[in-house]
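Open the model in a viewer and keep the selection tool ready. The stops below follow a helix, some backbone oddities and a pocket.

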Amino acid sequence: MKIGILSFRPLSRRASEEEIAIKKAVRGLGHTCRIFRAGRFQMVYDQQSPWLLYDGKPFPKYDVVITRPSILSDVSLRISLIEQMELMGVRLFNSYESILKTKNKIKTMQILDHFGIPIPKTVVIHRPEDLKQAVKSVGGFPVIVKTPTGSFGAGVTIIESMRALQSVLLWNKPMYLLQQYVKHSKGKDIRVFVVNGKVVGSMMRKAKKGEFRSNIELGGKGSAVEITEEEVNISLRSVQALDLNYGGVDIMRGKSGPVVLEVNANPGFKELQQATGLDIAKSVAEYAVEYADKYKHQLNGGS
Ligand SMILES: Nc1ncnc2c1ncn2[C@@H]1O[C@H](COP(=O)(O)OP(=O)(O)OP(=O)(O)O)[C@@H](O)[C@H]1O
Ligand SMILES: [Mg+2]
């Protein structure tokens, strides 16, 4: 099989450790694997030339391309490259639509709530007049405020009073997401890594002293954790609801059970591997090869 990895890392930086680990794992399974850098593509619209050039040459045929959308802004703009590939019939792993849904926290809450998956009470508001009622309906202060897109804890704030809230919300954004503060979990959350409808690893993350966000990038510490059947269930349902082939689900243990904070379409796994000793790169690689094989089989008229 020929497996591609589409990296959105700036060209000034190396491919990520995760991208390199997946490449090695696919090659370790005896297949071809190459990392393609988003910045080196040209999308051509002239009714005749190949639609996609890489380093000036037609983009070669690959059986599956694993997408690594490490993008924090202009998401829908920047992943038009992924949509271009899809329109050309390239098999993507995670797909354009699933990334769009997952990168937008409002869309994610909408979809998870629609499928009855437990989330912290969340209210999206468009104007200051609704603040008082929204704070009340998410359970009062402190409240969590999130920008619709963001990662590594950037864009996630905790607000202790109405005065602080009014001073933070500048109303220069079309809407704001207010969320119930899951106090019960005391700065701990769980990152559940799902591949092909199965949990392949999970890690407890504990925020550093004085911090409420447990992101590793903010000094959070990861450790192996046994998760409950219910936590497995809501993780699998979340990834499925967002049509992801693989994803990282952030869960918190609330007073009345686990809740899903968000899902990541480009989950890191370096810390998860260190905390658990599991080979997550291999799990992703194995599924990409199986996915490519299944698709190739279908193309050749197999069932
Ligand atoms: N409702 C909440 N109650 C308490 N803590 C929260 C809540 N929402 C988020 N947090 C904390 O903030 C962290 C970051 O929040 P979240 O996962 O939504 O954002 P993120 O920046 O997109 O993270 P990632 O890097 O995983 O994409 C969580 O890991 C958790 O520790
Ligand atoms: Mg998160």
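The expected span of a helix is taken as 1.5 Å times one less than its number of residues. The coordinates come from a predicted model, and helix 1 is the place to apply that rule.

**Stop 1: helix 1**

Select residues 17-28, the 12 residues of helix 1. Put a distance between the C-alpha atoms at the two ends: they are 16 Å apart, and because 1.5 Å a residue gives an expected span of 16 Å, the two values agree.

Which residues of helix 1 are buried? Colour Glu-18, Glu-19, Ile-20, Ile-22, Ala-25 and Val-26. An α-helix has 3.6 residues a turn, so residues three or four places apart point the same way. With that in mind, look at Ile-22 and Val-26, both among the buried residues of the helix.

Step past the end of the helix to Gly-30, where phi is positive, near 90°.

**Stop 2: positive phi outside glycine**

Select Asp-55, in the loop that runs between strand 4 (52-54) and strand 5 (57-58). Its phi is near 50°, a positive value although the residue is not glycine. Is Asp-55 buried or partly exposed? Its relative accessible area is 39%, and since the partly exposed class lies between 20% and 50%, Asp-55 counts as partly exposed.

Go on to Asp-243, in the loop between helix 8 (229-241) and strand 15 (246-254). Phi of Asp-243 is near 55°, again positive in a residue other than glycine. Asp-243 has a relative accessibility of 46% and is therefore partly exposed.

**Stop 3: cis peptide bonds**

Select Phe-93 and Asn-94 and display the backbone. The peptide bond from Phe-93 to Asn-94 is cis, and its omega is near 0°. Asn-94 sits in the loop between strand 7 (92-93) and helix 4 (96-103).

Next, select Phe-141 and Pro-142. The bond joining Phe-141 and Pro-142 is also a cis peptide bond, with omega about -5°. The loop that holds Pro-142 connects helix 6 (131-137) with strand 9 (143-146).

**Stop 4: the second largest pocket**

Select Gln-180, Val-182, Gly-254, Lys-255 and Ser-256 and centre the view on them. The second largest pocket has a volume of about 260 Å³. Of the 13 residues lining this pocket, the five just selected, Gln-180, Val-182, Gly-254, Lys-255 and Ser-256, are the closest to its centre.

What classes make up the lining of the second largest pocket? By class, there are 5 nonpolar, 5 polar and 3 charged residues.

Notes: Residues are numbered from 1 along each chain as its sequence is written. Chains are lettered from A and ligands numbered from 1 in the order in which they are written. This is a predicted model: local features need pLDDT of at least 70, side-chain atom pairs count only at pLDDT 80 or more; totals for chains, interfaces and linings use all residues. Side-chain values use heavy atoms; hydrogens and water are left out. On a 1 Å grid over the protein atoms alone, a cavity is a set of points where a 1.4 Å probe fits but cannot get out, and a pocket is an open set with protein on both sides within 12 Å along at least five of seven lines; lining residues have an atom within 4 Å of a point. Grid points are joined across faces, edges and corners, and a volume is the space filled by probe spheres set on the points. Ala, Val, Leu, Ile, Met, Phe, Trp, Tyr, Cys and Pro count as nonpolar, Asp, Glu, Lys and Arg as charged, and the others, Gly among them, as polar. Helices (H or I, at least four residues) and strands (E, at least two) are DSSP runs, numbered from the N terminus. Buried means under 20% relative accessible area, exposed over 50%, partly exposed in between (1.4 Å probe, protein chains only).
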